[in-house]
Amino acid sequence: MKPKVLLGIESSCDETAAAVVRSGSELLSNIVASQGHIHKKYGGVVPEVAARSHIEVINPVIDEALAQAFPNDSDPWQRIDAIAVTNGPGLSGSLLIGTMAARTLALFKNKPLYPVDHVMGHVYGNFIQPDNDTTWQPPKFPVLALIVSGLHSQLVTFYDHLEYELLGQTLDDAVGEAFDKVSRIIGFGYPGGPAIERAAQHGDPFAFKFPKARPRPKHSPLGLGPYDFSFSGLKTAVLRQVQGLVGVDHNYPSFQLAERLSEAQRNSLAASFNRVAAETLVEKTLAAFDEHAPRSVVIAGGVAASQELRRQLRAALPIDITYPPISLCTDNAAMIASLGYYVAQRRQPTSPHDVSIEPSLSM
Ligand code: KG4
Ligand code: ZN
């Protein structure tokens with residue numbers, strides 16, 4: 001019998017997470033211990049600190065996911081058919097903690113184990129039925145997926161579960177990374193996305209003109225492909241704009257710039273960057289939509305939480321877009337358990353002895 005109820009385990013970055021999902025779509029529990037508050041004071045994720053925090057909470061997080069999924073069972077493990085764990089991409093030390101926990105549990109509890117790709121996992125947040133939404137339908141194939149997180153910016157077409165074509169990806173910074181770096185430059189904390197979104201509400205999105213990386217012409221061998229992204233130029237443009245506004249040259253320490261900006265300037269910088277970053281994503285998504293005629297368009301990853309991105313996509317595309325609730329946009333283990341379910345229907349499990357981390361795994 002193929003596994004139906006999966007325990008998912010996720011620890012690739014700074015969230016320690018475990019969840020139980022039935023049949024790929026029915027969410028039974030979803031526990032996330034976020035380290036955001038720990039890394040905030042450093043302005044970004046510190047890998048060693050992240051790994052140490054994962055060690056401290058991984059067991060209680062897994063226990064809690066099992067207890068919430070099966071509150072009336074004295075041994076919830078009996079109800080678990082298989083384990084899915086993120087084995088890449090991500091921070092090595094962080095991935096090690098989740099995979100070690102999963103391997104150990106798979107051996108001791110005698111459960112099949114499926115290592116899965118974190119980035120593909122983000123797409124599967126869209127295959128989980130949101131709470132109490134009886135009208136919900138899963139995305140229809142072919143699915144065009146815009147995957148946008150702190151580490152990834154990709155456009156992918158899924159022809160079926162696990163069968164995909166990578167259309168394009170970022171050649172430098174991921175879009176979430178650009179949000180985080182710009183947030184630092186203009187004086188907001190980590191993570192940058194939510195901070196920029198908040199400030200943007202009080203600023204003028206057309207106050208500053210920032211450039212968009214232009215794709216190379218179709219079939220040209222050089223530069224950006226038609227669906228590739230580049231965000232480092234946009235980030236640098238914000239930096240130069242700020243240096244110009246406060247009247248300093250390129251050598252002035254970037255971490256001292258923000259204190260010389262007015263609140264109005266910071267808000268309008270945030271609003272203008274927020275608008276242009278979303279426009280860049282939307283232009284490529286629209287072009288891919290026109291060429292590939294998908295039946296569903298989904299957005300996934302932390303940046304899918306962006307209201308501006310959702311608003312612009314809705315305005316640009318002729319069909320509805322699908323995105324998960326925020327709790328399934330940012331890193332979580334429910335998406336890992338859902339993806340694990342579809343992997344388990346199609347592939348053999350991996351021996352716990354053979355599951356290794358793949359920090360630079362790419363779709
Ligand atoms: O998927 P995720 O939780 O972790 C990674 O796998 O990277 O994504 C985190 C990223 C961060 O860069 C954060 O700034 C961004 O998602 N983010 C947002 C928003 N909320 C989170 N970016 C733009 N707008 C948001 N509302
Ligand atoms: Zn992620």
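This is a short tour of a zinc site and of a serine that touches two residues of that site. Keep in mind as you click around that the model is predicted.

**Stop 1: the zinc ion.** Select the zinc ion (ligand 2). Which residues coordinate it? You should find H118 and H122, each through its NE2 atom, and D331 through OD, at 2.0 to 2.1 Å. Now look at the angles: among the 4 donor atoms they run from 95 to 145°. Four donors count as tetrahedral if all angles lie between 85 and 135 degrees, and the site here is irregular.

**Stop 2: along the chain.** Colour H118, H122 and D331 and follow the backbone. The spacing of the donors reads H-x3-H-x208-D. H122 sits in helix α4 (residues 118–124), while D331 is in the loop between α10 (326–329) and α11 (334–346), so this pair ties together parts that are 209 residues apart in sequence.

**Stop 3: surface view.** Switch on the surface. Are H122 and D331 buried or exposed? H122 is buried, with a relative accessible area of 1%. D331 also counts as buried, at 13% relative accessibility.

**Stop 4: S12.** Next, select S12, in the loop between β1 (5–10) and β2 (15–22). S12 is buried too, with a relative accessible area of 3%. Its side chain makes a polar contact with the side chain of E10, at 2.6 Å.

**Stop 5: the neighbours of S12.** Finally, show what surrounds S12. Leaving out residues up to four places away in sequence, S12 touches T86, P89, G90, L91, S94, L95, H118 and D331. You have met H118 and D331 already: both coordinate the zinc ion (ligand 2).

How values were computed: Residues are numbered from 1 along each chain as its sequence is written. Chains are lettered from A and ligands numbered from 1 in the order in which they are written. This is a predicted model: local features need pLDDT of at least 70, side-chain atom pairs count only at pLDDT 80 or more; totals for chains, interfaces and linings use all residues. Side-chain values use heavy atoms; hydrogens and water are left out. Donors are N, O and S atoms within 2.8 Å of the metal (3.2 Å for Na, K and Ca); water is not among the atoms, so sites may look incomplete. Four donors count as tetrahedral if all angles lie between 85 and 135 degrees; four count as square planar and six as octahedral if opposite donors are over 155 degrees apart and all others between 65 and 115; anything else is irregular. Helices (H or I, at least four residues) and strands (E, at least two) are DSSP runs, numbered from the N terminus. Buried means under 20% relative accessible area, exposed over 50%, partly exposed in between (1.4 Å probe, protein chains only). A polar contact is a pair of N or O atoms within 3.5 Å; within protein, one must be able to donate a hydrogen and the other to accept it, and residues adjacent in sequence count only if both atoms are side-chain atoms. Contact means heavy atoms within 4.5 Å.
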